[in-house]
Amino acid sequence: MGSEGINPRKPKFLCIHGFRTSAEILRKQVTAKWPQSVLDKLDLVYVDAPFPCQGKSEVEGIFDPPYYEWFQFNKEFTEYQNFDECLAYIEDYMIKHGPFDGLLGFSQGAILSAALPGLQEKGVAITQVPKIRFLIIIGGAKFKNQSVAGKAYASPIQCPSVHFLGEHDFLKPYGTELIESCIDPLVIHHPKGHTIPRFDDKGLEDMHCFLDRLQKEVASNSEQDISSEKAS
């Protein structure tokens, strides 16, 4: 007998860290604050951004270097440098280490993650990898640059998404705007600021429901893939 039904494949997420931090920092924060019951349902792959930190990191003295950034931007967050290089880097990583079912992003990584499904749909970015099907957004927002935003949010974000919204997060108003652009968002509120939050009882229950839904969709798609392979 096969083992597919006994040990179904976990949804695989590429984890995109925040500005001037690192894959290892995000991994430490997630594994320290999220319960094993959540972590056991996900296959999380953490990746460092392509560019070494070009200024002071806000986590200096809290987490060890090195620190990285995905791209650079002006104070108004309307002009970006190395953005196309960032998108190409993510696509190359996804080709080599995927396929991925979804993206998990925090802060700058959350802004990137939430924009990628729309950019993919418009044929602007990550066109050589399977469609992004799920999002986990922590401390997210929209891009302000019109050339990016006009493509990323031209249509509502279709894929199921969960958004962590901190009561004292400076990005909360912008995270709310992002949620309004999503067709199927689950919002988990927490009392903290711009950070990876812990779950309260209600948030944990909602997260488990979200992950159970993801698992069913992944299992269903896997069965379809197996059927297609047999038919061919």
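The paragraphs below walk through a predicted model, starting with its sheet and ending with some unusual backbone geometry.

The sheet is an open one of six strands, arranged in the order E2-E1-E7-E8-E9-E10 and paired in the parallel sense. At its edges stand E2 and strand E10 (185-190), each of which pairs on one side only, and neighbouring strands are turned against each other by 20 degrees on average when direction is ignored. In the interior of that order, strand E7 (residues 102-106) runs parallel to E8 and is joined to E8 by five bridges, with Phe106 standing opposite Ile138 in E8. Helix H1 (residues 23-33) packs on the sheet, where H1 touches E1, E2 and E7, and the direction of H1 makes about 145 degrees with that of E2. H3 likewise packs on the sheet and touches E1, E2 and E7, its direction making about 150 degrees with that of E1.

Towards the E10 edge, strand E9 (residues 161-166) pairs with E10 in the parallel sense over six bridges, and Gly166 is placed opposite His190 in E10. In a regular strand the side chains alternate between the two faces of the sheet. E10 shows such an alternation: Leu186, Ile188 and His190 point to one face and are buried, whereas Pro185, Val187 and His189 point to the other face and are not buried.

From the sheet one can turn to the nonpolar interior. In soluble globular proteins, nonpolar side chains tend to be buried together. Here the largest nonpolar core has 42 residues, of which Leu14, Ile90, Leu112 and Phe143 touch the most other members. Two or more residues each are given to this core by strand E1 (12-16), strand E2 (43-47), helix H3 (83-97), helix H4 (108-121), strand E8 (134-138) and helix H5 (146-152), and H4 makes the greatest contribution, with seven residues. Apart from this core lies another, of 27 residues, which has Phe13, Cys15, Val30 and Met207 among its members.

How do the axes of H3 and H4 cross, and how close do they come? The two axes come within 13 Å and cross at roughly 80 degrees, and the helices are therefore roughly perpendicular to each other. On the H3 side of this contact, Phe83, Cys86, Leu87 and Ile90 meet Leu112, Leu116 and Leu119 of H4. The residues of the contact divide into seven nonpolar, no polar and no charged.

Phe143, already named among the core members with the most contacts to others, offers a view of the surroundings of H4. Once neighbours within four places in sequence are set aside, Phe143 is in contact with Phe71, Phe77, Tyr80, Phe83, Ile111, Leu112, Ala115, Val148, Ala149 and Tyr153. Of these partners, Ala115 is found in helix H4 and is buried, with a relative accessible area of 0%. Leaving out residues up to four places away in sequence, Ala115 touches Phe143, Ala152 and Tyr153. Ala115 and Leu178 are 63 residues apart in sequence, yet their C-alpha atoms are 9.6 Å apart in space.

The last features concern the backbone. Most residues other than glycine have a negative phi, and most peptide bonds are trans. Which residues other than glycine have a positive phi here? One of them is Phe77, with phi near 60 degrees, located in the loop between strand E5 (72-73) and strand E6 (80-81). Because its relative accessibility is 12%, Phe77 counts as buried, and Phe77 is also one of the contact partners of Phe143. Another is Asn82, whose phi is about 65 degrees and which lies in the loop between E6 and H3; at 27% relative accessibility, Asn82 counts as partly exposed.

Cis peptide bonds occur in loops as well. The bond from Pro65 to Pro66 is cis, with omega near 5 degrees, and Pro66 is found in the loop between strand E3 (51-52) and strand E4 (68-69). A cis peptide bond also joins Gly98 and Pro99, with omega about 5 degrees, and Pro99 has its place in the loop between H3 and E7.

Technical notes
Residues numbered from 1 in each chain as written. Predicted model: local features only at pLDDT ≥ 70, side-chain atom pairs only at ≥ 80, totals over all residues. Heavy atoms only, no water. Core = buried A, V, L, I, M, F, W, Y, C linked by side-chain atoms within 4.5 Å. Buried < 20%, exposed > 50% of the residue type's maximum accessible area, 1.4 Å probe, protein only. Helix = DSSP H or I, 4+ residues; strand = E, 2+ residues; numbered from the N terminus. Contact = heavy atoms within 4.5 Å. Axes fitted to C-alpha atoms, helices over the stretch in contact; angles between N-to-C directions. Parallel < 35°, antiparallel > 145°, perpendicular 65-115°, else oblique. Nonpolar A, V, L, I, M, F, W, Y, C, P; charged D, E, K, R; others polar. Pairing = 2+ DSSP bridges.
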